[in-house]
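Thanks for sharing this one. Here are my notes, in numbered points, to read beside the model.

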Amino acid sequence: MMQSFIVEHYLNKDVDVYCGGPDVFRGNVKACADNVLTLNSQGKLTHIAIDKIIALWVQ
């Protein structure tokens with residue numbers, strides 16, 4: 001359910017992703033499939049397990 005929400009509302013947008021603790025992941029949403037969110041930040045890909053996401057917002 002979260003996967004389809006991300007694809008519909010955040011695909012190709014720059015976002016911040018909070019998964020707890022001090023870390024916030026930033027990047028452009030390139031894909032969201034198989035319960036993994038893929039962000040691109042300066043040519044580097046970050047893959048985040050969707051079930052670990054606490055909050056997501058547009059930069």
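1. Let me begin at a turn: β3 and β4 form a hairpin with two residues between them, and Q42 in that turn has a positive phi of about 55°. Strands here are DSSP runs (E, at least two residues), as helices are (H or I, at least four), numbered from the N terminus.

2. A word on the basis of these values. This is a predicted model, where local features need pLDDT of at least 70, side-chain atom pairs count only at pLDDT 80 or more, and totals for chains, interfaces and linings use all residues. Residues are numbered from 1 along each chain as its sequence is written, and side-chain values use heavy atoms, with hydrogens and water left out.

3. Strand β3 (residues 36–41) runs antiparallel to β4 and is joined to β4 by six bridges; V36, for instance, stands opposite A49 in β4. Two strands count as paired if DSSP finds at least two bridges between them.

4. The hairpin belongs to an open sheet of five strands, paired antiparallel in the order β4-β3-β2-β1-β5. Because β4 (44–49) and β5 (55–58) each have a single partner strand, they stand at the edges, and one side of each is left without a neighbour in the sheet. On average, neighbouring strands of this sheet are turned by 45° against each other, direction ignored.

5. Helix α1 (residues 2–10) lies across β1 (14–18), β2 (24–33), β3 and β5, at about 105° to β2. Axes are lines fitted to C-alpha atoms, for helices over the stretch in contact, with angles from 0 to 180 degrees between N-to-C directions; contact means heavy atoms within 4.5 Å.

6. What makes up the largest nonpolar core? Its 12 residues are I6, Y10, V15, V17, V29, C32, L37, L39, I48, I50, I53 and L56. Such a core is a set of buried Ala, Val, Leu, Ile, Met, Phe, Trp, Tyr and Cys residues joined through side-chain atoms within 4.5 Å. The elements giving two or more residues to this core are α1, β1, β2 and β3. One core member, L39, touches residues including V15, V17, V29 and I48, leaving aside those up to four places away in sequence.

7. N28 in strand β2 is a polar residue worth a look. At 15% relative accessibility N28 counts as buried (under 20% relative accessible area; exposed is over 50%, partly exposed in between, with a 1.4 Å probe and protein chains only). The N28 side chain makes a polar contact of 3.1 Å with the side chain of D14. That term means N or O atoms within 3.5 Å; within protein, one must be able to donate a hydrogen and the other to accept it, and residues adjacent in sequence count only if both atoms are side-chain atoms.

8. How many disulfides are there? A search of the whole structure finds zero, where a disulfide is a pair of cysteine sulfur atoms within 2.5 Å. The sulfur of C32 is 12 Å from the closest cysteine sulfur, in C19, so the two are too far apart for a bond. C32 is buried at 9%, whereas C19 is partly exposed at 23%.
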